[in-house]
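Work through the exercises below with the sequence and the model in view. Each task is followed by a solution in steps.

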Amino acid sequence: MSRRLLVLLFAFCVSHSSFPQDPWKITATDINPSNYYGVTVANGMIGIVSSPEPFKVKDVVLAGAYDVYGRGRVSNFLRSFNLLNMQVDIDGQRIETKNISNMRQELDMRHASFTTLFDYADKASITYTYYSLRQLPFTVLMDITVTAKKTINITAASVMEAPDALRDVQNYYDEIDRPHVVISLLTSTAKSPTGKLLMCASNSFLFSEPRGQEPRVIHEMWDNNMHLMKFSRTISAGETYHFAIVGSSITSAHHDDPLNEAERLTIFAKLEGRDRLVAFHNKAWDELWKSDIVIEGDDQTQQDVHSMLYHLYSFVREGTALSPSPMGLSGLGYNGHVFWDTDLWMFPAILVLHPEIAKSLIEYRYERLEAARRNAFSHGYKGAMFPWESAASGVEETPVWALSGPFEHHITACVGLAAWNYYCVTQDKIWLREKGWPILSATADFWASRVERNGPGKYDIKNVVAADEWAENIDNNAFTNAAAKTVLQDATSAAKILGIVPDPDWMQVANNIPILQFPDGVTKEHASYNGEGIKQADVNLLAYPLKTFTDPEQVKKDLHYYEVRVPNQGTPAMTQAIFALLYARLGDGEKAYHFFKDAYTPNLDPPFRVIAETKGGTNPYFATGAGGIVQSLLMGFGGLDITPTGIVQIKSTLPSAWKKLTITGVGPGKKSYVVK
């Protein structure tokens, strides 16, 4: 073999070898703007979605900010002011996608930062990194570095532009001059489409030069919807120049005086300084990552799992009484509404790893309990009937064309189940009495009034949309019935713990709600079900999380029947996650691994492997799917189980592809669990 052929063969092998994936960093070098799905940096309040264009971000989304506009005559998430968009000119020419090279973008999941690097002609190398600061819920930071290859003149402008849906935009610019600092504030306010909310944003430059030597900042008003502040500076050949932008966004949903508060928060962050801001941000994320899932022997899966945890952690935070939508803070998907996606799919994973954050999610439901009571009253029921889609007020927010609003009643059981699980994990009896009991007793009262009493064993629940949403207006849905039974039982248990006499009717009803079966013993999805394809797991949820069935043979029988009835397209990621969880508990590691990978790998979108809702889907980031898949790791492969006395570990199985699974920071005691 010739030397040239050996060299070519070596080059081929290197280019096609499988290098280990970094467990914490996702890097994109082949960036195609026409096939680009942004990744989100968020702190549980502000979400920043990346763009393939230099110095641009696609979206800024603020949790809890809703108004009625555009879609479905219901409340929708509002886009916030884009705090971080910039225009950068070098020697009078604007930096754009067409005139840069060697672009690379990288998400650092350990410290929740997003970095873009590129070269501009033969004149400069540029890096910028942005953060949604974890320690400051309404504040973001972008750090910019320019290294000159030859002497250049740079003009950098921070551009504040109002999203189209906002109205009555007002723009402000102020300079606060103190002996030790000059603060330039670029501020905008606008009303939401109906005028319900006032949305405000403010930002400022952070310069590295001492007071008096920093660049002069100039303000320009372009039109009512856009203004900017800019500075110019000469950078010598070989010199590296640093500056940053810090900004805050807040609305009247979060604060009574959002305009002044946005400016105060920005001033606070500016005077903290870039180094302290990043240090406290990193420290906060280090604390979050003390609760982690570590897989040995599968580098790509480890990176993917960190991505799932990273997104779940990014979309929630302690002390907010807010709850994530199916797409978290990655955009306006599902109008930002809260569904069962939170209570059944995201909440358990967050509860096991960070119960202090999970408390915010269940507080969201508690604060909207009275709205749920009114909803039950208007439908002729007792107790509390939680809406299928919820936003700020807790009233039903499902568009009227979707039958899930009036009929997908299992959400009320999911809320009750979440409340009970929070108590089980924390063992907090004070919380149970003050917050958990009102939720559990009200949801139990709803189900006791919702059933139709047609004789022993026939307390039917008729006319519902099933958890399998392709089954509409059917009777005795397996998941709905079993979830109702579970909440009635849990409310009875809670009463006994608190020394309260439970309503005896709750167990009377629970014992008479039917779970239907085919003649061969397979659980029947609903009364008229006859083997049709299903959108998502329904019957299989009776084994987990409901624990209605614990007999392995029954669990296997239902798995074997329903796993082949899920089409390859158009079904959400969490279905296969439940199959994976159950097979891991049943001891079939390889089949569990098959469904684990099938749950998300066909759903990944470039260039950051973000999860879409369905296989081949284009609507990332699907936090619901991430929640289900993380549950398959915690409660499936990891064997963790939530019981009335706390978290325990039961027998489970790993796939041969993994050497070891370690789960750290579990529950209030922050315990670790290992499976080999």
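**Exercise 1: a pair with Glu209**

Glu209 is buried, at a relative accessible area of 16%. The model is a predicted one.

Task: Find the residue with which Glu209 forms a salt bridge, and say where both partners lie.

Solution:
- Step 1. The partner is Arg233, and the closest N and O atoms are 3.1 Å apart.
- Step 2. Glu209 sits in the loop between strand S15 (198-207) and strand S16 (218-223), while Arg233 belongs to strand S17 (residues 226-235). The two are 24 residues apart.
- Step 3. Arg233 has 21% relative accessibility and counts as partly exposed, because buried means under 20%.

**Exercise 2: a pair with Asp304**

Task: Decide which parts of the chain the salt bridge between Asp304 and Arg609 ties together.

Solution:
- Step 1. The closest N and O atoms of Asp304 and Arg609 are 2.9 Å apart.
- Step 2. Asp304 lies in helix H4 (residues 299-314) and Arg609 in the loop between strand S22 (604-605) and strand S23 (610-611), so the bridge joins parts 305 residues apart in sequence.
- Step 3. Asp304 is buried at 5% relative accessibility, whereas Arg609 is partly exposed at 29%.

**Exercise 3: a charge without a bridge**

Task: Explain why Arg368 has no salt bridge, and name the backbone oxygen that its side chain reaches.

Solution:
- Step 1. Arg368 is placed in the loop between helix H6 (355-367) and helix H7 (369-378), and Arg368 is buried.
- Step 2. The nearest side chain of opposite charge, Glu367, is 4.0 Å away, and no salt bridge is counted for Arg368.- Step 3. A salt bridge requires a side-chain nitrogen of Lys or Arg within 4 Å of a carboxyl oxygen of Asp or Glu, so the pair with Glu367 is not counted.
- Step 4. The side chain of Arg368 reaches the backbone oxygen of Tyr364 at 2.9 Å.

Conventions
Residues are numbered from 1 along each chain as its sequence is written. This is a predicted model: local features need pLDDT of at least 70, side-chain atom pairs count only at pLDDT 80 or more; totals for chains, interfaces and linings use all residues. Side-chain values use heavy atoms; hydrogens and water are left out. Helices (H or I, at least four residues) and strands (E, at least two) are DSSP runs, numbered from the N terminus. Buried means under 20% relative accessible area, exposed over 50%, partly exposed in between (1.4 Å probe, protein chains only). Lys and Arg count as positive and Asp and Glu as negative; His and the chain ends are not counted. A polar contact is a pair of N or O atoms within 3.5 Å; within protein, one must be able to donate a hydrogen and the other to accept it, and residues adjacent in sequence count only if both atoms are side-chain atoms.
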